[in-house]
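Work through the exercises below with the sequence and the model open. Each task is followed by a solution in steps.

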Amino acid sequence: MQAEKTVADLKVGEKGIINHFKDDAMSLKLLEMGCLPDTEISLDFIAPLGCPVGITVAGYHLSLRKREAATIVIK
Amino acid sequence: MKNKQVVALLGNPNSGKSSLFNQLTGLRQKIGNFPGVTVDKKVGFCRLSGSMDVEILDLPGTYSIYPNSLDEQVVLEVLANPKNPDYPDLAVVVADASNLKRNMLLFEQISDLGVPAILALNMLDVAEESGISINSGKLSKILGIPVVELNAREGIGIEGLKHTIFNQLQHKKTHINPPSFDKKTETVFEEVKSKFGVENKYLALQYAAQAQKLMFLGENQQKDLEEIVKKHNFNADKFQSSETIERYRDISGTLEEVVIEEGVKKETITEKIDHILLHKIWGYVIFLGILFLIFQSVFTIAEAPMDLIDQGVAMVNDFLKSNLPDNQLVSLLTDGLVAGIGGVLIFIPQIAFLFAFISILEESGYMARVVVLMDKLIRRFGMSGKSVVPLISSMACAVPAIMSARTIGSWKDRLITIMVTPLMSCSARLPIYTILIALVVPNTKALGFFNMQGVALMGLYLLGFFSALLAGWLMKFMLKSNERSYFIMELPTYKKPRWKQVGFTILEKVKTFVFEAGKVIVAISIVLWVLASYGPSDKIEQAEKAVIAQNPTLEQSQLDSKIASVRLENSYAGHFGKFIEPAIRPLGYDWKIGIALITSFAAREVFVGTVSTIYSIGADAENETTIKERLRNEVNAETGQPTFSVATSFSLLIFYVFAMMCMSTLAVVYRETKGWKWPIIQLVYMSVLAYVSAFAIYQFLS
C-alpha cells in the first residue's frame, strides 16, 4: 500500500487538495481554522530549520509544525 | 437588574477587534479580571446617544467557542451563562472581510447561543485590494440581523456602528440557525433541556460537549452532564467536527450570494517580505539585529527621562524635608514613602520603551515570524516558539511577561516558560548591574571599540538567557505530560503599526506595573524604613551618643553620615544583617550587604537604595558617583581589604542574575499556576542556583 501523501510531503510552492485528516484532535483545530476537506492548500515556506512550515489555505496564511502538517492528507 | 447594558466585542484574532474597542471607548477604559481567572478583562464606556451610555466589553480573540487556551475559555464561560454578570445584551462580532468565511464560523456559533448580534465587516479595504466585494445589505437580509461596514483602523463607520448598536439594543434581533443534528444528538438535547431547563438547543448541546470547561456549572452538574453523555454515547469531538463542517457548508452557501470575488491572485507584499524575513540566514541576522537595536535604544533613550524622574523625586523629597517639621512622621513620608514611590517611577521609561518596541513588533505582524523562526530552536529547551514573546518581554519585567505566556496552549510548555522567565535579566536588575560593574570593570575599550563595561553588562544578560534555556532543558525531562501540544497559528499579514494602539499598550503596561509592582515596592520601602529606623531597646540612641562623643571635631555633615551609619548598625535591620552574616560570608558579603540582600528580597530594585542608605551617603544619595566612590572606599573592618573587591562584586552580580528576588513575580506565578507549588519550587531552585554560583565565583576569584 502506498503511503498517503500529506502536506508535509509538498514542496515549497506546491499545491494540493485536502482529502482528510489523520488525527482527530488536530483535525478539530484545523477545521475551525478553515482547513476543510476539498479545499486547496499550498505550502508557502519551510522555516530555516525545517520546521515549522507555512501554508496558505482559503486565502490566508497559517504556520504549523511539520508533525502537524503530516496529519493533513491530500489527494 | 443591571444598570448599564453590556455590548461585547467578539472576533477572530487579528480581525481588528482591539482597534474597534479603542475607537468606541477612547480613553474611557479600564482593565480588571474575570472572576476566578486571571485573564485581563478590558471594559470601556461608550456614549451612543445624548443620554445613553453602554459598557463595551472586549472579549479575547478566538476562532470558535471551543477554547484552546485560557484566554479563549473566557469567551465560552461568559457566553454560555446568561447569569454571568458579564453576559452581553448584544454581541458585536468583528469579522475580517478579506477572510469572511472563516470569521463567519464564530459569528454563527455566537448567534446560535441566542445572543442578539451585529456583524461588523472590518478591513473592507484589504478585501477590496484582493478583489473581494461584499453586498452587506443582502447579507443582513439573509441573516436577519444588522450588518455594518467598518474600517476600524481609520475610524470609518464608527458612528454608523454606534447608531446600529443603539437600535439593536431596542430590538434585540437574533439569528438562530443551528446545523441539523442527528437523532442521538437530539435526544441528548432533550435530556439536558429537561434536567437543566436550557431551552436553547445549541447552548444545551454545549453543556453536553464542553461540560468540563463550564466552571459556572459546578461539580455536581458537571457530573450529571457526564452521565448524560455516557448514557447516550455522545461523542463531543465528533459533534464539534460535524458541526464545523456543516456550518462551513451553510456559510459557503450564504456567501455565494453576497460575495463577488475577482480571482486576482498575485504574490502579495506579505509573501515577498516573508521571503526575506524567514530566510535561513537573513531571517536570523535581521532578528538579532532588531533585538540589538531594541536594547541599545532602551538603555540609551531611557536614560534621560530616568535621570529626570530621579531628580524630580529628589526635589520633591528635599522640598518636603525643608518645609515640614523634622519628626518621625515626616521621615516616614520622605525616606520611606516618597523614596519608595521614586523607586517605582524610575522604571517607567525603560518599561515604556521596551513595550513600545514589543508592541510595534506585534502590531506589524513580525512577532509571529519570530515565533516561526525560533520554534525549532527553542523546542529543544522544553518550550515553544510562542515562549519567545514572554522571554523577550521579561527583559523589561517578568510580571507582564509571565502573563503573556497564556497564549501558549500546552500546559507543559507554558509552565516551563513561566518557571524560567524570571532568569532573564529584568530592568530592576539594571541599576545593580550598572553600579557594581562601574566599581570593578575598567571603563576602557577592548579591541578598539568594545566598551568593557558594556561587554560585562551584555555578558550578564546572556548569562541569564542561557541559564533560562538550560533550566528549560532540564525541566523538559523532569515534567511528565501526556498532553498534546499544538503549534498551529495564523500568520497575520504585515501591517503598518497603529501608533494609537502602540500608545494604548504602553499606557496599559505602565499602569499595570505601577500599580501591581508599585504596591509591593512601596510597602517594602515603608517596612524597611521602620526596620532601619528603630532598634531593640535604646541601643540606637546609645550608639549615636557614643559617636558624637568620639568625634568632637568632625564637621556637621560628616558627623551626620557617621551617625546615620551607626544608627543603622544598631537598628532591627542591622541585627538581621548580622544574624545572616555567617550564611553569606562564604559568598564574600558582610552584614551590611546582608541588609541589602534581605530588603531587596521583595524587590531587587531596593538594593541600590539600601546600599546607599547603609553606607550613609545621606543627602547625596541620588548622586551615583558618590555612591560609587563610597563603595570603593569601604573597607572591611576585619580583613582591611576593600569590601567591594572584584570577587565580592562579581559574586553579587552573579547572585542577582539568578536570585528570585521579586515578590510581584512570585505573586503572579501563584496566580497563573493557581497554587503555591510552582512559585515555591521556583523560589527554591533559583535561590540555590544563585547561592551556589555566587559561592563558586567568589571562591574562584578570591
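The exercises go from the layout of one chain to its contacts with the other, and then to the sheet; the model is predicted.

**Exercise 1. Layout of chain B**

Describe the domains of chain B, its secondary structure and its share of buried residues.

Solution.
- Step 1. Begin with the domain assignment, which gives domain 1 (6–171), domain 2 (183–261), domain 3 (282–478) and domain 4 (501–701) in chain B. The C-alpha centres of domain 2 and domain 4 of chain B are 58 Å apart.
- Step 2. Take the principal axes: along them, the C-alpha atoms of chain B fill a box of roughly 95 × 60 × 55 Å.
- Step 3. Count the elements. Chain B contains 31 helices and 12 strands.
- Step 4. Turn to burial and contacts. Of the 702 residues in chain B, 44% are buried. For contacts in chain B between residues at least 6 apart in sequence, 71% link residues at least 24 apart.

**Exercise 2. The side of chain B that touches chain A**

Which element of chain B gives the most residues to the side that touches chain A?

Solution.
- Step 1. Establish the contact: 32 residues of chain B meet 28 residues of chain A.
- Step 2. List the elements of chain B that each supply at least two residues to this side; among them are α3 (100–112), α10 (236–258), α12 (282–301) and β12 (489–491).
- Step 3. Rank them. α10(B) gives the most, with 6 residues.
- Step 4. Sort this side of chain B by class: it has 15 nonpolar, 7 polar and 10 charged residues.

**Exercise 3. Packing of α10(B) within its own chain**

At what angle do α5(B) and α10(B) pack, and which residues meet?

Solution.
- Step 1. Recall that two packed helices are described by the angle between their axes and the distance between the axes.
- Step 2. Apply this to helix α5 (residues 136–143) of chain B and α10(B): the angle is about 145°, and the axes are 9 Å apart. The crossing of α5(B) and α10(B) is right-handed.
- Step 3. Find the residues. From α5(B) come B:Lys138, B:Leu139 and B:Ile142, which meet B:Thr254, B:Glu257 and B:Val258 of α10(B).
- Step 4. Classify the residues of this contact of α5(B) with α10(B): 3 are nonpolar, 1 is polar and 2 are charged.

**Exercise 4. A sheet with strands from both chains**

What is the strand order of the open sheet of 6 strands, and which are its edge strands?

Solution.
- Step 1. Read off the order: β5(A)-β1(A)-β2(A)-β3(A)-β4(A)-β12(B), with antiparallel pairing.
- Step 2. Identify the edges. β5 (72–74) of chain A and β12 of chain B each pair on one side only.
- Step 3. Check the β5(A) edge, where 3 bridges join β5(A) to strand β1 (residues 15–21) of chain A. A:Ile18 has A:Ile74 as its bridge partner.
- Step 4. Move to the hairpins. β2(A) and β3(A) form one with 6 residues between them, and A:Gly50 in its turn has a positive phi of about 95°. β3(A) and β4(A) form another with 2 residues between them, and A:Ala58 in that turn has a positive phi of about 50°.
- Step 5. Assess β3(A) (residues 53–57): 4 of its 5 residues are buried, so the strand is largely enclosed by the rest of the structure.
- Step 6. Cross to chain B. Strand β4 (residues 60–64) of chain A is joined to β12(B) by 3 bridges, in the antiparallel sense. A:Ser63 stands opposite B:Met489, and A:Ser63 is also the bridge partner of A:Gly54.

Methods: Residues numbered from 1 in each chain as written. Chains lettered and ligands numbered in written order. Predicted model: local features only at pLDDT ≥ 70, side-chain atom pairs only at ≥ 80, totals over all residues. Domains from an automatic or database assignment. Buried ≥ 20, exposed ≤ 12 C-beta atoms within 10 Å, placed from the backbone. Contact = placed C-beta atoms within 7 Å. Nonpolar A, V, L, I, M, F, W, Y, C, P; charged D, E, K, R; others polar. Pairing = 2+ DSSP bridges. Axes fitted to C-alpha atoms, helices over the stretch in contact; angles between N-to-C directions. Left-handed = near helix turned anticlockwise from the far one by under 90°.
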